[in-house]
Amino acid sequence: MKIKARQKDVFGRRVRLVLCLCLGLVGFSAVSAFPPALAATGSKVTVTQAVSKDHLPLLTLKSVPSPESLQDFTRRTIRKLSADAPFTAWADAGTEYFPLGPGTHGWLVNVLNGDQRIGYLVISATEQGGYMLSEYGAGSYGLPYSLQDLRQFLVQQELIPSAYSGKLELTALYAPLLPLWKLTTDQTTLYINASVLQVMPWSPSQAEAVLTRTLDGASSLSSLDTGRSPLRAYRSGGQDDPYADLLWLTAPSLKSVSGDSLAALLAASGSLAFQAAGRNDTLGAPFMVTGYQSWRLTSSGSKDDSSRPAIVYALSGPEGRRYLPLAVLLEKGTFHKLPSSGNPVPSTTVAKTAHSNGK
């Protein structure tokens, strides 16, 4: 049995290695080796909680006071979303705020039903002085920044030695499309994808470059644009795992994706694959898009209302629980249709295709 298990593990590692080469991920975190030490970012530490090894299974973040203007935008956003599923449980929910780095230009807002987390919002400051809704999602599982999932990941991957007696510092960070954990020990600093839980094998300069990226406020719902309300979210029920059928790697990128065309594309194929060849790791890609939600202007009688397009968030992740700005996806990467055959592609075919495309 042990031999079979080892053989299965070796096979699994080879398959994951092929995926790394195909998708342009450098040092994809499927490897089991402990990544090299990364320098701490000094003053850019935000939410920090020091814990000893005895408290490692109970990693927590400490909420902090937040600006009243931020709370007002959060309340208005939650009130509008709670009108329809899957956000109806948000109507009487509580909230807690955590600053996200680098700096103090973003916040993680957990939506709570008692002590249970039932959703989240990532809100970022804009250069115009307001706030924008960088991403959001509803549910009690499958969401970024899950402390329970992080704890299980650290134990399963043996990232913290069982005999470790030093202190740990856990920090929540955010880069566009990429929720992150920063875990600092006495010897090293790790950056962990807080959505799919993968160790990012970055150099200090790579980490710095990713964490200082910003988004254009026009791509997301803004606190300065109070006239928008969300339509009911659409979920296709399509494939939500980009690794379940890799034939999308052989499909050309779609050239005409927009807020208006997304509905037709999802109706036809069920889901679309998103990737950013050569820089998937910095965006948390690849992932599937399985739905959307539009924020449209409430008619005020102004002629300008009809000329201003809707702001669309694409549904991604397990069961489409994570909502990401479509405009950012269009700017950062490409969309691909899933094949109609549904037959898994052999790893050798994927490797040949990826090589011929120069990925």
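**Close-up views**

**View 1. F87 and Y136 are both buried (under 20% relative accessible area, 1.4 Å probe, protein chains only).** You're looking at a predicted model, where local features need pLDDT of at least 70, side-chain atom pairs count only at pLDDT 80 or more, and totals for chains, interfaces and linings use all residues. Residues are numbered from 1 along each chain as its sequence is written, and side-chain values use heavy atoms, with hydrogens and water left out. The structure has 13 aromatic pairs (Phe, Tyr or six-membered Trp rings, centres within 6.5 Å). F87 and Y136 make one of them, a tilted pair (30 to 60 degrees between planes) with 5.9 Å from centre to centre and 45° between the planes. F87 comes from the loop between α2 and β2 (94-100) and Y136 from strand β5, so this pair bridges 49 residues of chain (helices, H or I, of at least four residues and strands, E, of at least two, are DSSP runs numbered from the N terminus).

**View 2. Y136 and Y323 form a stacked pair (planes under 30 degrees apart).** Their ring centres sit 4.7 Å apart, with 25° between the planes. Since Y136 belongs to strand β5 and Y323 to strand β16, the pair ties together parts that are 187 residues apart in sequence. Y136 is buried, at 0% relative accessible area, and Y323 comes out buried at 0% too. Zoom out a little for the rest of the group: F87, W90, Y136, W295, Y313 and Y323 make up one aromatic cluster.

**View 3. Strand β16 (residues 322-325) is buried along its run.** R322 and L324 point one way, while Y323 and P325 point the other. Strand β5 (residues 131-138) runs antiparallel to β16, joined by two bridges (DSSP needs at least two for strands to pair). There, G137 stands opposite R322. Strand β15 (residues 311-316) also pairs with β16 in the antiparallel sense, this time over four bridges. Look for L315, whose bridge partner in β16 is Y323.

**View 4. The hairpin of β15 and β16 puts five residues between its strands.** G317 takes a positive phi near 80° here. E319, in the loop between β15 and β16, isn't a glycine, yet its phi is positive, at about 60°. E319 has 40% relative accessibility, so it counts as partly exposed (20% to 50%).

**View 5. L197 is another non-glycine residue with a positive phi, about 55°.** The loop between β8 (189-193) and β9 (199-200) is where to find L197. With 16% relative accessibility, L197 counts as buried.

**View 6. Cis peptide bonds turn up before P86 and before P286.** The bond from A85 to P86 has omega near 5°, and P86 sits in the loop between α2 and β2. For A285 and P286, omega is about 0°. P286 belongs to the loop between β13 (272-275) and β14 (287-297).

**View 7. The largest cavity has a volume of about 50 Å³.** A cavity is a set of points on a 1 Å grid, over the protein atoms alone, where a 1.4 Å probe fits but cannot get out; points join across faces, edges and corners, and volume is the space filled by probe spheres set on them. There are two cavities of 30 Å³ or more. The lining of the largest (residues with an atom within 4 Å of a point) consists of F73, R76, T77, K80, L221, S222, D225, T226, R228 and W295. Elements giving two or more residues to this lining are α2 (68-81) and β10 (221-222). α2 provides the largest share, four residues.

Technical notes: On a 1 Å grid over the protein atoms alone, a cavity is a set of points where a 1.4 Å probe fits but cannot get out, and a pocket is an open set with protein on both sides within 12 Å along at least five of seven lines; lining residues have an atom within 4 Å of a point.
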